[in-house]
Amino acid sequence: MDPQQIAIDALKAAIAATPQNTELSVQLSELFSNLGREDEAEQTVRDALRSSPESADLQLQLATLFYRSGRGSHASAIVETLVGDPLIGARALVLQARLLLNNGDRTAAVEAYKNALTEDESLSDPSLESLLGWDSDDADEVLATPLTSDGESLDSDSFEFGPEADGDPKVEEGPSLERGLAEGFEAVGGMDGVKEQIRLKILYPLEHADMYAAYGKKIGGGILLYGPPGCGKTHLARATAGEVQAGFLSVGISDVLDMWMGNSEKNLHELFEKGRRHKPSVLFFDEVDALGASRSDMRRSAGRHLINQFLSELDGVDADNDGLLILAATNTPWHLDSAFRRPGRFDRVIFVPPPDATGRAAITKIQLKGKPSEEINFKKVAAATDGFSGADLQAMVDTCVEAKLSEAIQSGLPKPITTSDLVKAAKALRPTTKEWFNTAKNHALYANDGGLYDEVLDYLKVRR
Ligand code: ADP
């Protein structure tokens, strides 16, 4: 007998034995639907609904079948009753996004999809994303779910600064407080040394504040991460927030700079205040050199006032920075004003090099998680990716996934990713970190500011 018929018979027998197990009926219905036996798919759900009319799973399955057979309004009628359901609401939102898109309402569809992902990231659906014209910027916004200090979601509206009462130009709404990476440091491959420094410098003081006080050890100050692009600085900052379940506020230059005199300082102050209101939180300054460019390098500098404001916020002159974890990243540390490196400010400067072979193996493993793959020889992959950044490795995995997808669509047979697929994809890519080292080497050799860039020289095996 054919294996599908065996599965169908087995499910039918199981349903007959435990009719209250609605999950089995959903499975059988899906199986029929996948085989193109739509009538039986629908009949299975309807039969089950007769004995369990309240089952949200069955209702959602019926709506899905309606959607697939082009009965959009029937599907919408059911979905609308399900989107608020605490258990199934997120899945209902994904279906709602598809229905809205079919009705030509892309904006509402994107909104529904975003809400679904906010509730449950694992529902991400690449085929829907491509229909929505979804891009990585949208994806970033999904993560941008504001959290209260006790970790609950908050409506982003509550973060609006609102127009100025005195008729000043409106202060733009800043970036939202996001969630850190749920897996914490586990989402970060390699980087053990940097993780340890972050633990010592900012996580332990947060978790054991009393102990630090007892020994009279002063806490505070931030960490500046520097190194070639794509090597995990931002990723690690997000993971740091996840590690201690703190909110994450990522600040880019455009969140601060304002063409109106004085507004940039105000924006920066508001961002720090937002972090302080939602402690513990990680305040992450991406491309911090753009905000704090050396005062002698005024062409690039955002301005003396802004730098002074930044310094006094870091110092916590008028405010309490306890519970505020401050991280910053830059690809060009030599542009940052040296005043930022004084004690209590970014007094720990850490070089984030491209991952070594062990790191590359660990990162690839993380990036392949949840994707169909054979047993991979990660050592071999690591050997083929010398000089690759984390972002380069991601590009390698993405290339493989795309190739496998188009193969599967043509042959109808999904095949797992293999070691040689990865090695082949790696060979077609060039590591993007080399160029950075050309510039960094010059700074390290000729402007090594008290040995600041010794780690770069060590990495390059240049004798000092
Ligand atoms: P940077 O901030 O240093 O420019 P990112 O943190 O944005 O680099 O890294 C780019 C992407 O590469 C990340 O989104 C992540 O997917 C991947 N990545 C980089 N480093 C790691 C790592 N150590 N572990 C897991 N993924 C990583």
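Begin the tour at Glu 121, which sits in the loop between α7 (106-119) and α8 (126-132) of what is a predicted model. With a relative accessibility of 52%, Glu 121 counts as exposed, because the cut-off for that class is over 50%. Extend the selection to Glu 183, Glu 186, Glu 207 and Glu 243, and you have the residues that form a negative surface patch together with Glu 121.

Turn next to the aromatic side chains, of which the whole structure holds 16 pairs. Select Phe 310 and Phe 340, whose rings are arranged edge-to-face, with 5.0 Å from centre to centre and 70° between the planes. Phe 310 belongs to helix α16 (residues 304-315), while Phe 340 is in the loop between β5 (324-330) and β6 (348-351), so this pair ties together parts that lie 30 residues apart in sequence. Phe 310 is buried at a relative accessible area of 0%, and Phe 340 is likewise buried, at 0%.

From there, move to Trp 334 and Trp 436, an aromatic pair that is tilted, with 5.9 Å centre to centre and 35° between the planes. Since Trp 334 is in the loop between β5 and β6 and Trp 436 in helix α21 (residues 434-446), the pair ties together parts that are 102 residues apart in sequence. Both of these tryptophans, Trp 334 and Trp 436, are buried. To see their surroundings, add Tyr 226, Phe 351, Phe 437, Tyr 453 and Tyr 459, which form one aromatic cluster with Trp 334 and Trp 436.

Now select Thr 433, in the loop between α20 (419-427) and α21. Thr 433 is buried, with a relative accessible area of 2%, and its C-alpha atom is separated by 6.5 Å from that of Ser 389, although the two residues are 44 apart along the chain.

The next stops concern the backbone. Most residues other than glycine have a negative phi, and most peptide bonds are trans. Select Lys 279 and Pro 280, which are joined by a cis peptide bond with an omega of about -5°; Pro 280 is placed in the loop between α14 (263-277) and β4 (281-285). Continue to Glu 287, in the loop between β4 and α15 (288-291), where phi is positive, near 50°, and where a relative accessibility of 46% makes the residue partly exposed. Lys 461, in the segment after α22 (454-460), also has a positive phi, of about 55°, and counts as exposed at 74% relative accessibility.

Finish with the charged pairs, for which a search of the whole structure finds 17 salt bridges. Select Glu 30 and Arg 68, whose side chains meet in a salt bridge at 2.9 Å, N to O; this pair links helix α2 (residues 22-34) with helix α4 (residues 56-68), the two residues being 38 apart. Glu 30 is partly exposed at 24%, as is Arg 68 at 40%.

Arg 276 and Glu 273 form a salt bridge of 2.7 Å, N to O, within helix α14, where they are 3 residues apart, about one turn of the helix. Arg 276 is buried at 11%, whereas Glu 273 is partly exposed at 24%.

Then select Arg 360 and Asp 386, which meet in a salt bridge of 3.9 Å, N to O. Arg 360 is buried at 5%, whereas Asp 386 is exposed at 56%. As a last selection, take Glu 42, Arg 46 and Arg 71, which are linked in a network of salt bridges.

Key
Residues are numbered from 1 along each chain as its sequence is written. This is a predicted model: local features need pLDDT of at least 70, side-chain atom pairs count only at pLDDT 80 or more; totals for chains, interfaces and linings use all residues. Side-chain values use heavy atoms; hydrogens and water are left out. Patches are made of residues with over 30% relative accessible area and no salt bridge: like charges are joined within 9 Å, nonpolar side chains (Val, Leu, Ile, Met, Phe, Trp, Tyr) within 5 Å. Accessible areas come from the Shrake-Rupley method with a 1.4 Å probe; for residues, only the protein chains shown count as cover. A salt bridge is a side-chain nitrogen of Lys or Arg within 4 Å of a carboxyl oxygen of Asp or Glu. Lys and Arg count as positive and Asp and Glu as negative; His and the chain ends are not counted. The place of a charge is taken as NZ of Lys, CZ of Arg, CG of Asp or CD of Glu. Helices (H or I, at least four residues) and strands (E, at least two) are DSSP runs, numbered from the N terminus. Buried means under 20% relative accessible area, exposed over 50%, partly exposed in between (1.4 Å probe, protein chains only). Rings of Phe, Tyr and Trp (its six-membered ring) pair if their centres lie within 6.5 Å; planes under 30 degrees apart count as stacked, over 60 as edge-to-face and the rest as tilted.
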